[in-house]
Amino acid sequence: MRVTIVGPGYVGLPSAVVFAGLGHHVFLLGNIPEQVERLQKGEIHLHEPGLAESFRDLVREGKIVPTLSYADAIPSADVVVIAVGTPSGKYGEADLRYVFAAVRDLAEHLSDYTVVAMKSTVPVGTAEKVREIISAVILSSPPPLAGPRWKRWAKDLDSSPPKADQNDRPITFDVASCPEFLREGTALFDTKNPDRIVIGVTSDKARDLLLELHQELPGERVVTDPKSAECIKYASNAFLATKISFINEIANICEGVGADVTEVARGMGLDSRIGSKFLKAGLGWSGSCFPKDVRALHHIAFSNNYEPQILKAAIEVNNDQRRRLVAKLHAALGGDLQGKTIAILGLAFKPHTDDIRESAAIDLIYLLQQKGAHVRVHDPVARPDDRDVFKDVRFMDSAQDAVRDADAVVIATEWPEFKELDWRALRAIVRNPFIADGRNLLDPKLMRAAGWKYASVGRP
Ligand code: UDX
């Protein structure tokens, strides 16, 4: 099957590798010339375990063809997968400008029947809008792209499409919702081993093509309508984010009563109705999906005259986790952070990625700077970008350099290498041995034995 993936990012790249690995021919459409040039050499621009090697091999074998050209990548495609970003807009709504731009561009190059499958996380009803955009582009194009019989069909999509002929070629298409549930850091594994494959379609033809595309992959198939598929994605992310906020609330209660949240989570998680995953207390959720998707669902609810109380509380608890950690530092340093040097270990929103979107570390930097603290950061992989919050931050090449002479240390990302550090030796070079472990990464007993005043989240 011929698949074109629009958007060579954190979702598009692993999808390209997995589909090409299954034997499909993949075009990968980008819109940044320098980036596509690198992709054509087999080099990727982001950190994701295992991805670089597989991508390089598949490009060399000609199984993935990165390109800037819609004219090359669209006409032959059986399925076009949209995997471009949908960042948060001004009011928390998903900003669909990249989706719509890609759709307008691809519509001009459709030839035979094509399924346009949305993998980007988009508001409920977007598949319908995409269908309208593509129809409008085709309707405004001269024959042979859209002859009169096709135009009659496009105005009345419920009638059967006209048969193709040389002079009056009908361009028929379907728009489907096919959300992606991969996690960064384990993107390839997740894409190859999905729990379920959600296919939101309005026609049997689109259903059959998408089932064929995913044929070799494991997981239950959920074939439904596009709106329900779009909603499944938001509801899943919002549920997981709420689960994390719930355990963080329990952690905060544990701090009050002297219980250990890791024990509580273990005891809860063994109930198969609850499950043990996503019960790790800490600084809360960050990243490219949970914050923007929970905000977007919140926005969708409001736009449909419903006030989502659980989502609102989940967002508030999440914001508070960052504030509570800064309050612990404040209390530990005598109620004044002015002029104090704080070493933050971890900038990425989670380990095994270089992605810093909405990372907890950025919120901490902002809150600490507000209180007059000097901030140093070390991350094994992630690097700062040009946003203002980083202007006065010192980025250090090693954890040792960050910790030396600091007044307190914070763990913001649970990179395994931080667990392996020689904390006894670090105790000797820090000015004040206070550590706030925002990810419950380290062992409290060992840290205290190594001479640290140790605070974590919901553990005595
Ligand atoms: C998430 C969803 O898991 C995935 O299905 C969707 O496609 C995209 O969004 P991702 O953002 O890559 O994936 O990472 P995930 O592992 O889900 O973690 C998200 C955030 O939650 C991270 O900041 C992580 O540190 C935090 N988290 C996760 C917790 O604080 N506790 C947990 O128990 C799990």
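Here is a walk through this predicted model, from its two domains to the ligand they both help to surround.

Let's start with the overall layout. The domain assignment splits off domain 1, covering residues 2-224, and domain 2, covering 313-455. Taken over C-alpha atoms, their centres are 40 Å apart. The two do touch: seven residues of domain 1 make contact with eight residues of domain 2. Between them, about 640 Å² of area is buried, with carbon and sulfur atoms giving 43% of it. On the domain 1 side, the residues that lose the most area to domain 2 are Tyr10, His47 and Glu184, which together make up 76% of what that side buries.

Keep Glu184 in mind as we turn to the ligand. Around the ligand sit 19 residues, and Glu184 is among the closest, along with Phe181, Leu182, Lys280 and Lys350. Each of the two domains supplies at least three residues to this shell. Helix H10, spanning residues 226-257, gives the largest share, with three residues. By character, the shell holds nine nonpolar, three polar and seven charged residues.

Now for the polar contacts. A polar backbone atom of Glu184 lies 2.6 Å from an oxygen atom of the ligand. Ser286 also uses its backbone, placing an N or O atom 3.0 Å from a ligand oxygen. With Lys350 the side chain is involved: one of its N or O atoms is 2.8 Å from an oxygen atom of the ligand. How much of the ligand's area does the protein bury? Taken alone, the ligand exposes 660 Å², and the protein buries 92% of that.

Methods
Residues numbered from 1 in each chain as written. Predicted model: local features only at pLDDT ≥ 70, side-chain atom pairs only at ≥ 80, totals over all residues. Heavy atoms only, no water. Near = heavy atom within 4 Å. Polar contact = N/O pair within 3.5 Å; in protein donor to acceptor, adjacent residues only side chain to side chain. Areas by Shrake-Rupley, 256 points an atom, 1.4 Å probe, with all protein chains shown as cover. Helix = DSSP H or I, 4+ residues; strand = E, 2+ residues; numbered from the N terminus. Nonpolar A, V, L, I, M, F, W, Y, C, P; charged D, E, K, R; others polar. Domains from an automatic or database assignment. Contact = heavy atoms within 4.5 Å. Buried area = accessible area lost by both parts, 1.4 Å probe.
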